[in-house]
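User: Please take me through this structure by question and answer.
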There are 2 protein chains.
Amino acid sequence: MDRYFEDYQVGMTESFGPVTVTEEEILEFARRFDPQPFHVDPVAAKAGPFGGLIASGWHTASLMMRLLVDHYLSAASSLGSPGIDELRWPNPVRPGDRLTMHIEIVQARTSQSRPGRGIVRTSTTLTNQDDLPVLTVTAVSFIRTRP
Amino acid sequence: MDRYFEDYQVGMTESFGPVTVTEEEILEFARRFDPQPFHVDPVAAKAGPFGGLIASGWHTASLMMRLLVDHYLSAASSLGSPGIDELRWPNPVRPGDRLTMHIEIVQARTSQSRPGRGIVRTSTTLTNQDDLPVLTVTAVSFIRTRP
């Protein structure tokens, strides 16, 4: 069911997932965008600062985005994002981790300058199978009001 | 040449690139991680909020990361990142855009809790071929001190 700005209410919380992250995906993403040893070389990673291979933080953020598109945003109303605040990667993501997204709407207001548009601020946490946070971020979304 | 913490000095500025973003890459990234119409469907995108296909903001951020790995970080000293602050996408990235990265080191200090480690804060801007900013972000990197 399509969501519009009016459906995003401050205080709403939802959880989605989990998604499982494979070693193959970690390597594939990192070879293209973040080829540091602890992301692309399992042997070097073992001796490195994280004691093993970990996902690029941008890969983790991209997995979060996919969950947002699949479960939280609507093609009918999503108008993109001006940016994000305070993204943190408190714990690494390792091969086989299962990530669940928890979101809370912390602000929702209509745009003063652009009629028909709302501004929704969401506090998002991804946790792994041990309930450890692996990504926290506050994101802003532009959402169309109901026609 | 390998860089260590001591080589990252406050006030240093550098520019890298450009990298060209193709439509094929935009579609490929977005189909996997951000399948919103204005990222994956050129026809729908034309009628959408950006008047054409644009890259996922996470794709743009990942392209920045690749430039950082290729030109700014060193495998010998990079110890990952705890997170980023105030990431903004002030203008969209479109197929064929050529992106240049400009960085400035805004803080560099040794870690109190982890000897042998420095904390470097970098202000980064990606601009397109028209000198319009498409991504601005303040990032924190952990960097090994010179052995």
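Analyst: A residue is called buried if 20 or more other C-beta atoms lie within 10 Å of its own, exposed if 12 or fewer, and partly exposed in between, with C-beta atoms placed from the backbone. This is a predicted model, in which local features need pLDDT of at least 70 and side-chain atom pairs count only at pLDDT 80 or more, while totals for chains, interfaces and linings use all residues. Residues are numbered from 1 along each chain as its sequence is written, and chains are lettered from A and ligands numbered from 1 in the order in which they are written.

User: How many of the 15 residues of α4(B) are buried?
Analyst: Helices (H or I, at least four residues) and strands (E, at least two) are DSSP runs, numbered from the N terminus. Helix α4 of chain B covers residues 57–71. Among its buried residues are B:Trp58 and B:Leu63. The helix is mostly covered, and the number buried is 12.

User: Which residue of β5(B) is the bridge partner of B:Arg117?
Analyst: Two strands pair if DSSP finds at least two bridges between them. Strand β4 (residues 117–127) of chain B runs antiparallel to β5(B), joined by 11 bridges. The partner of B:Arg117 in β5(B) is B:Arg144.

User: What turn lays chain A on chain B?
Analyst: Copies are superposed by least squares on the C-alpha atoms of residues with pLDDT of at least 70 in both. The RMSD is 0.0 Å, the shift along the axis is 0.0 Å, and the turn is 180°. The two copies are therefore related as by a two-fold rotation axis.

Conventions:
Expected span 1.5 Å × (residues − 1).
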